[in-house]
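Got the structure open in your viewer? Here's a short tour: at each stop I'll say what to select and what you'll find there.

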Amino acid sequence: MGSRQRHTEPVDVHLILRRETADGPQVLLSRRAGQVYAAGLWHLPSGHLDGPHEDVVTALIREAREETGVVIDPADVRAAVTVHHRSPGGASPRPMLG
């Protein structure tokens, strides 16, 4: 492989947790708190993978539990979409710490 380094990107998972009610479907949102990206805004529960050892399903389940207290069975997780995001300037976003 030589001296070339393999390309990597930060991976962020987002949970779309939907439930049916008598008034129609509801989606869980949380308000981002603390010293985080988009603090104070409403958003889907989300977060980054904790390193190369963690897969997206494990990360999603962990983030849901950490951010909302919701416990999810891995069998209930379905992939909905993958987005490779670039900033308006064309660069991939830098990984956020914390």
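Start by selecting R62, which is buried with a relative accessible area of 10% (buried is under 20% relative accessible area, exposed over 50%, partly exposed in between, using a 1.4 Å probe and protein chains only). Before you go on, know that this is a predicted model, where local features need pLDDT of at least 70, side-chain atom pairs count only at pLDDT 80 or more, and totals for chains, interfaces and linings use all residues. Residues are numbered from 1 along each chain as its sequence is written, and side-chain values use heavy atoms, leaving out hydrogens and water.

**Stop 1: the partners of R62**

Keep R62 selected and add D50: their side chains form a salt bridge, N to O, at 3.3 Å (a salt bridge is a side-chain nitrogen of Lys or Arg within 4 Å of a carboxyl oxygen of Asp or Glu). R62 sits in helix α1 and D50 in the loop between β6 and α1, so this pair ties together parts 12 residues apart in sequence. Helices (H or I, at least four residues) and strands (E, at least two) are DSSP runs, numbered from the N terminus. D50 counts as partly exposed, at 47% relative accessibility.

Now add E54. Its side chain also meets R62 in a salt bridge, 2.8 Å from N to O. Is E54 buried or exposed? E54 is buried, with a relative accessible area of 9%. Select D50, E54, R62, E63 and E66 together, and you have one network, joined by salt bridges that share partners.

**Stop 2: E63**

Click on E63, which is in helix α1. E63 is buried as well, with a relative accessible area of 9%. Its side chain makes a polar contact with the side chain of R62 at 3.0 Å (a polar contact is a pair of N or O atoms within 3.5 Å; within protein, one must be able to donate a hydrogen and the other to accept it, and residues adjacent in sequence count only if both atoms are side-chain atoms).

What else does E63 touch, not counting residues up to four places away in sequence? The list is V13, S46, G47, H48 and T68, where contact means heavy atoms within 4.5 Å. Try G47 in particular: E63 and G47 are 16 residues apart in sequence, yet 6.1 Å apart from C-alpha to C-alpha.

**Stop 3: the whole of α1**

Select residues 56-68 to see all of α1. The expected span of a helix is 1.5 Å times one less than its number of residues. For the 13 residues of α1 that gives 18 Å, and the end C-alpha atoms are 18 Å apart, which agrees.

Colour the buried residues of α1: A59, L60, I61, R62, E63 and A64. Among what covers them are β1 (12-14) and β6.

Then look at the two ends. D55 caps the N-terminal end of α1, with a side-chain oxygen 3.0 Å from the backbone nitrogen of V57. Just after α1, G69 takes a positive phi of about 85°.

**Stop 4: R32 and S30**

Jump to R32, in the loop between β4 (30-31) and β5 (42-43). R32 is buried yet has no salt bridge; E67, the nearest side chain of opposite charge, is 5.0 Å away. For charges, Lys and Arg count as positive and Asp and Glu as negative, while His and the chain ends are not counted. Beyond its neighbours within four places in sequence, R32 is in contact with residues including Y37, L41, H43 and S46.

Next pick S30, in strand β4. At 17% relative accessibility, S30 counts as buried. Leaving aside neighbours within four places in sequence, S30 is in contact with L41, W42, H43, P45 and E67.

**Stop 5: an exposed pair**

Select E20 and R18, whose side chains meet in a salt bridge of 2.9 Å, N to O. E20 counts as exposed at 54% relative accessibility, and R18 is exposed with a relative accessible area of 55%. A search of the whole structure finds five salt bridges.

**Last stop: zoom out**

Show the whole chain: there are one helix and six strands, running β-β-β-β-β-β-α from the N terminus. Of its 98 residues, 17% count as buried.

Finally, colour by pLDDT, the predictor's confidence in each residue, from 0 to 100. The chain averages 85, and 85% of the residues score at least 70. Among the elements, strand β3 (residues 24-27) has the highest mean pLDDT, 96, and strand β6 (residues 46-48) the lowest, 89. Where pLDDT is low, the predicted coordinates should not be read in detail.
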